[in-house]
Structures are given as C-alpha cells and as structure tokens.
Amino acid sequence: MAKQYWLMKSEEDVYSIRDLEKEGVTCWEGVRNYEARNIMRDRMRVGDGVLFYHSNAKPPGVAGMARVAKKAYPDHFAFDKTNPYHDPKSDPENPRWFMVDVEFVEAFSGIVSLNELRQEEALAEMALFKRPRLSVQPVTKEEFGIIRKMGRKR
C-alpha cells in the first residue's frame with residue numbers, strides 16, 4: 001500500500017512537537033471522535049507521514065513532522081476510571097477507541113501558521129479548512145510536500 005499522509009492536532013501546552021522530540025515515540029491517545037478514530041484504526045499504516053499541528057496555540061499551525069510507528073490498537077486509557085480519557089461504555093472485549101504510536105521526525109524552527117497555510121493557493125482544498133475541528137485528518141502527498149517545504153524554509 002502506498003504511503004499516506006495525515007495531519008494530527010495536539011494542544012501545544014498539553015503535548016508539543018518538542019515533547020515528542022524528547023520522547024522519540026508516543027501513543028496518540030485520547031481521540032474521542034469517531035471519524036478520527038476510524039482514520040487511525042482503518043487507514044493509518046506504519047511509515048505514514050504526519051504533520052504535527054499545534055492547536056490552541058498563538059499562532060496555531062504545523063510545528064513539525066512525525067511518522068506512524070505502530071498501527072492502531074485499543075486505547076487502554078478508555079478503560080481506566082482514573083484517566084480523563086475514560087469512557088465507561090468502552091469495553092476491553094469490544095473496544096470503542098483506538099490509538100496509534102507516532103515517532104518524531106523533525107521540528108520546524110518556527111510554526112507554519114494557519115494564516116500562512118490559508119494564503120498558499122495550492123492548499124485551498126485541504127481538509128484542515130473544510131473540517132477544522134477534526135483532530136486527525138488526511139493530507140495529500142502534494143499538500144504534505146508543500147507544508148514540509150514551508151517549514152524547512154524557516
């Protein structure tokens with residue numbers, strides 16, 4: 001299967017590209033949107049490229065790149081009553097929520113801001129502009145390449 005590309009959002013003050021850089025690999029837990037879950041569970045593959053997006057930041061935007069390091073598996077935080085991502089309707093025998101592991105690739109020296117992305121005509125059809133609240137979304141190979149180039153120009 002051909003390599004695919006994704007944009008994954010995290011709040012900078014919760015988990016940033018620098019946190020991922022320090023850890024190297026992390027699980028992408030806590031996704032509680034069915035569409036985002038389905039993308040991770042059904043479509044993501046090891047080696048897929050990831051644009052790491054800081055949401056609720058000033059400015060919001062792409063902070064760097066990662067790659068999918070482990071295919072989807074049940075999000076065990078959903079079963080933990082002490083965890084903020086606990087879901088009492090999720091059952092280990094029939095898990096509702098899944099996560100993937102992501103691996104650090106590169107941090108850009110500066111954010112490629114949402115405003116900069118909007119100004120790039122070739123990115124006009126990005127899912128980011130059509131489904132802005134979706135935390136995990138597809139990106140075309142071309143979009144990924146454009147944003148990677150923008151980030152590396154910093």
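The legends below describe an overview and several close-up views of a predicted model. Residues are numbered from 1 along each chain as its sequence is written, and side-chain values use heavy atoms, with hydrogens and water left out. Because the model is predicted, local features need pLDDT of at least 70 and side-chain atom pairs count only at pLDDT 80 or more, while totals for chains, interfaces and linings use all residues.

**Figure 1. Overview of the protein chain, with 5 helices and 6 strands.** Helices (H or I, at least four residues) and strands (E, at least two) are DSSP runs, numbered from the N terminus. From that end, the order of elements is β-α-β-α-β-β-β-α-α-β-α. The radius of gyration of the protein chain is 15 Å, close to the 15 Å that the globule rule gives for 154 residues, so the chain is as compact as a globular protein of that length. The radius is taken over C-alpha atoms, and the globule rule is 2.2 Å times the number of residues to the power 0.38. The C-alpha trace spans about 45 × 30 × 25 Å along its principal axes. Of the 154 residues, 46% are buried. Buried means under 20% relative accessible area, exposed means over 50%, and partly exposed lies in between (1.4 Å probe, protein chains only). Of the contacts between residues at least 6 apart in sequence, 75% join residues at least 24 apart; contact means heavy atoms within 4.5 Å.

**Figure 2. Strand E1 (residues 5-11) and the two strands E3 and E6 that pair with it.** Two strands pair if DSSP finds at least two bridges between them. E1 runs parallel to E3 (residues 49-55), and 7 bridges join them. Within this pairing, Met8 is opposite Phe52. With E6 (residues 136-139), E1 pairs in the antiparallel sense over 4 bridges. Here the bridge partner of Tyr5 is Val139. E1 is mostly covered, with 6 of its 7 residues buried.

**Figure 3. The surroundings of Asp48, in the loop between H2 and E3.** Asp48 counts as buried because its relative accessibility is 2%. The C-alpha atoms of Asp48 and Tyr5 are 5.7 Å apart in space, while the two residues are 43 apart in sequence. Beyond its neighbours within four places in sequence, Asp48 is in contact with several residues, among them Lys3, Arg43, Ala66 and Val68. A polar atom of the Asp48 side chain lies 3.1 Å from the backbone nitrogen of Gln4. The side chains of Asp48 and Trp6 make a polar contact at 2.9 Å. A polar contact is a pair of N or O atoms within 3.5 Å; within protein, one must be able to donate a hydrogen and the other to accept it, and residues adjacent in sequence count only if both atoms are side-chain atoms. Asp48 has no salt bridge, and the nearest side chain of opposite charge is Arg45, 6.6 Å away. For charge, Lys and Arg count as positive and Asp and Glu as negative; His and the chain ends are not counted.

**Figure 4. Salt bridges, of which the whole structure holds 8.** Side chains of opposite charge can pair when their charged atoms come close. A salt bridge is a side-chain nitrogen of Lys or Arg within 4 Å of a carboxyl oxygen of Asp or Glu. One of them joins Arg131 and Glu35, whose closest N and O atoms are 2.4 Å apart. This pair links distant parts of the chain, 96 residues apart: Arg131 is in the loop between helix H4 (127-130) and E6, and Glu35 is in helix H2 (residues 34-43). Arg131 is partly exposed at 38% relative accessibility, and Glu35 is partly exposed at 35%. Another salt bridge joins the side chains of Arg41 and Asp42, at 2.7 Å from N to O. Arg41 is partly exposed at 32%, and Asp42 is partly exposed at 39%. In the salt bridge between Glu125 and Lys130, the N to O distance is 2.9 Å. Glu125 is exposed at 57%, and Lys130 is exposed at 52%.

**Figure 5. Backbone geometry at Asn56 and Pro59, in the loop between E3 and E4.** Most residues other than glycine have a negative phi, and most peptide bonds are trans. Asn56 is not a glycine, yet has a positive phi of about 50°. Asn56 counts as exposed because its relative accessibility is 63%. Lys58 and Pro59 are joined by a cis peptide bond, with omega about 0°. Strand E4, at the end of this loop, covers residues 61-74.
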